[in-house]
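Student: Could you take me through the enclosed empty space in this one, up close? I'd like to know what surrounds it and how that ties in with the fold around it.

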Amino acid sequence: MFEAVRTWGRWDPADRGAWNRVTEEHVRRAAGQVRSGLVVPMALPWNTRPGPDNRKPALHHMTDLGDVESPEPTTHKDFLAADYHGKGVTHLDALSHIAYRGRLYDDRAAHESVDAAGARFGTVAALGPLVTTGVLLDLPAVLGVRWLEPGRAVRAKDVLAAEKALGVTIGEGDAVLLRSGQVRRRAELGAWDPDTASAGFHVDALPLLAERGVCLLGGDGDSDVRPSPVPGVHSPVHALAVTAMGVPLLDNLDLEALAAATAEAGRHAFLLVVAPLNVPGGTGSPVNPVAVL
């Protein structure tokens, strides 16, 4: 399957991967999705509290309380930091984040491309911002449930059924966001360890998404169903999407407000804006993606 979906050697610059699919015409078409002007952010709150789904909490503390300064005005300053490649922070995975059998996307040797100073290929800085059409696959709405239970795999047939039920078609250069309802489940039942069990895509959905020419995958989990359906590979969707297809991932989104907005609007496609931090050498970035309906 890895060989069947890989796009190595297809684009220049290679380290933008599938984001090369998004042309100015794609952006103009995406802008045509805006009708009401409703703006829906999708980032989780900055999470500084430890838990089973936040093993490395983000940091936030004040560095200046404005109580020792003169002359006026006084200032208040704070500090932010995060080991964000986990389950507690909404973030973007760049192409340097995932290697499979020692190779990054475009057949780059991982040990030659990433070291203690950061990445030299596939960085988040090389990706830059993305503006395209987003498509929400709201599986709980399709199935008439409050959420998908952890461990529920979303297969190719589920993607096709969701398109039909929601009246949307995934096209070239689109970003696909999968709602499992994980955020609602956590709010109602409490936190659990999503590394052990979470809803997400089964590997058999990736050839369909590759055929459609998606540029980005995201979800309220990390796109992989867990436990993994592939023995010996703990994150097979990451390997197929990032390393084979050159498709960055958006992890840990809050899609509850977007699900409500798309249901009310009666349409599940929208303008999507993803603007990661410009971090030279970064393997990703915390991010607050925005949908505009």
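Tutor: Sure. The largest cavity holds about 40 Å³ of space, and keep in mind that this is a predicted model. Its lining is made up of Leu178, Ser180, Ala199, Gly200, Gly218, Gly219, Asp220, Gly221, Asp222 and Ser223. Sorted by class, that's six polar residues, two charged and two nonpolar.

Now put that wall onto the fold. Leu178 is one of the lining residues, and strand β11 covers residues 175-179. Gly218 and Gly219 also line the cavity, while strand β13 spans residues 216-219. These two strands pair with each other, running parallel over four bridges. Within β13, Leu216 is the residue that stands opposite Ala175.

Zoom out a bit and you find β11 and β13 side by side in an open, mixed sheet of nine strands, ordered β1-β17-β15-β9-β11-β13-β14-β4-β16. At the edges sit β1 (39-41) and β16 (284-286), each with pairing on one side only. On average, neighbouring strands of the sheet are turned by 25° against each other, ignoring direction. Across β13, β14 (249-251) and β4 (91-93) lies helix α9, residues 236-245, and the helix runs at about 140° to β14.

There's a second cavity to look at too, as the structure has two of 30 Å³ or more. This second largest one has about 30 Å³ of space. Leu148, Glu149, Pro150, Ser180, Gln182, Arg185, Trp192 and Ala199 line it, which splits into four nonpolar, two polar and two charged residues. Ser180 and Ala199 turn up in both linings.

Definitions and conventions:
Residues are numbered from 1 along each chain as its sequence is written. This is a predicted model: local features need pLDDT of at least 70, side-chain atom pairs count only at pLDDT 80 or more; totals for chains, interfaces and linings use all residues. Side-chain values use heavy atoms; hydrogens and water are left out. On a 1 Å grid over the protein atoms alone, a cavity is a set of points where a 1.4 Å probe fits but cannot get out, and a pocket is an open set with protein on both sides within 12 Å along at least five of seven lines; lining residues have an atom within 4 Å of a point. Grid points are joined across faces, edges and corners, and a volume is the space filled by probe spheres set on the points. Ala, Val, Leu, Ile, Met, Phe, Trp, Tyr, Cys and Pro count as nonpolar, Asp, Glu, Lys and Arg as charged, and the others, Gly among them, as polar. Two strands pair if DSSP finds at least two bridges between them. Axes are lines fitted to C-alpha atoms, for helices over the stretch in contact, and angles run from 0 to 180 degrees between N-to-C directions. Contact means heavy atoms within 4.5 Å.
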